[in-house]
Amino acid sequence: MIVSRIQLYIFTSCLAALGLVVGIFAITILLVDVVEQLRTVGGDIELSPLQAVQLSLYKLPGLLEETLSFAVLVSAMIAYNQLSKSSELSVIRSMGQSAWQFLAPVIVMAAGLGVFAMAVLNPLGAHLSERFETARANLLQEGGRVVERARSDVWLRQGSDDNQIVIHAGSVDRTGQIFSDDCFLEEGRLYD
């Protein structure tokens with residue numbers, strides 16, 4: 001009975017630390033991704049911060065799933081460090097418990113989170129990632145992308161160490177793939 005109480009105590013300490021770590025990770029990922037959405041999608045249309053947060057929330061479960069194993073590691077380190085600071089870990093060891101007995105709660109927590117990630121977080125992340133792509137495409141289409149404008153008077157350089165080609169285009173379509181009024185300059189020779 002004492003062993004199960006100690007393990008339950010360690011398990012709750014690890015869960016509390018996991019909640020803290022996942023919360024910090026989620027906030028950090030959300031902030032970075034909101035800035036990224038404002039930079040990428042906001043560069044093409046006028047994107048409000050609320051729309052950027054909505055797009056980032058669609059990506060959050062998938063990104064959290066990728067960091068979950070690291071979050072378990074960090075939360076276990078935090079929990080056992082706290083137990084060590086308050087000398088609780090020394091008392092547990094002096095009671096005759098092996099390292100495997102007081103590591104069992106973290107192993108159970110990691111296995112449970114693995115099943116949760118596989119059964120819930122992965123399908124949710126895949127579904128919301130699909131919604132992210134759809135919402136992003138709709139925003140870009142409705143907002144009238146800046147990249148749809150054709151560019152004019154474009155200069156490009158391409159080549160290797162042996163050969164360089166300079167390309168001039170009078171205009172480039174919105175996809176960036178079709179040049180008009182182009183000419184090429186290769187090693188002093190001009191091609192129209």
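**Exercise 1. Determine how strand S2 is paired with strand S3, and follow the ladder residue by residue.**

Solution. In this predicted model, S2 and strand S3, which covers residues 179-186, pair in the antiparallel sense over seven bridges. Two positions illustrate the register: histidine 168 stands opposite cysteine 183 in S3, and the bridge partner of alanine 169 in S3 is aspartate 182.

**Exercise 2. Describe how strand S1 is joined to strand S2, and identify what lies between the two strands.**

Solution. Begin with the extent of the pairing: S1, residues 151-159, and S2, residues 164-172, run antiparallel and are joined by eight bridges. Next, consider the connection, where four residues separate the two strands of what is a hairpin. Then read off the register, in which glutamine 158 has isoleucine 165 as its bridge partner in S2, arginine 157 stands opposite valine 166 in S2, and valine 154 has alanine 169 as its bridge partner in S2. Alanine 169 thereby serves as a meeting point of two ladders, since valine 154 is its partner in S1 and aspartate 182 its partner in S3.

**Exercise 3. Assemble the whole sheet, and explain why S1 and S4 each have one side without a neighbour.**

Solution. The remaining pairing is that of S3 with S4, which run antiparallel and are joined by three bridges; within this pairing, phenylalanine 184 stands opposite tyrosine 191 in S4. Put together, the four strands make an open sheet in the order S1-S2-S3-S4, with antiparallel pairing. S1 and strand S4 (189-191) stand at the edges and have a single partner strand each, so one side of each is left without a neighbour in the sheet. As for the twist, neighbouring strands of this sheet are turned by 15° against each other on average, direction ignored.

**Exercise 4. Classify the packing of helix H2 against helix H4, and state which classes of residue make up the contact.**

Solution. Helix H2 (residues 49-85) and helix H4 (residues 99-142) pack at an angle of about 165°, and their axes are 7 Å apart. Angles over 145 degrees count as roughly antiparallel, and H2 and H4 are therefore roughly antiparallel to each other. The handedness follows separately: H2 passes H4 in a left-handed crossing. By class, the contact of H2 with H4 comprises 21 nonpolar, six polar and four charged residues.

**Exercise 5. Compare the end-to-end span of H2 with that of a straight helix, and locate where H2 bends.**

Solution. H2 has 37 residues, and at 1.5 Å a residue a straight helix would reach 54 Å, yet the end C-alpha atoms of H2 are only 42 Å apart. Turning to the course of the axis, H2 bends by about 50° at threonine 67. Finally, beyond the helix, H2 is followed by serine 87, whose phi is positive, near 65°.

Terms used. Residues numbered from 1 in each chain as written. Predicted model: local features only at pLDDT ≥ 70, side-chain atom pairs only at ≥ 80, totals over all residues. Heavy atoms only, no water. Axes fitted to C-alpha atoms, helices over the stretch in contact; angles between N-to-C directions. Parallel < 35°, antiparallel > 145°, perpendicular 65-115°, else oblique. Left-handed = near helix turned anticlockwise from the far one by under 90°. Nonpolar A, V, L, I, M, F, W, Y, C, P; charged D, E, K, R; others polar. Pairing = 2+ DSSP bridges. Expected span 1.5 Å × (residues − 1). Bend = angle between axes of the 7 residues up to and from the residue.
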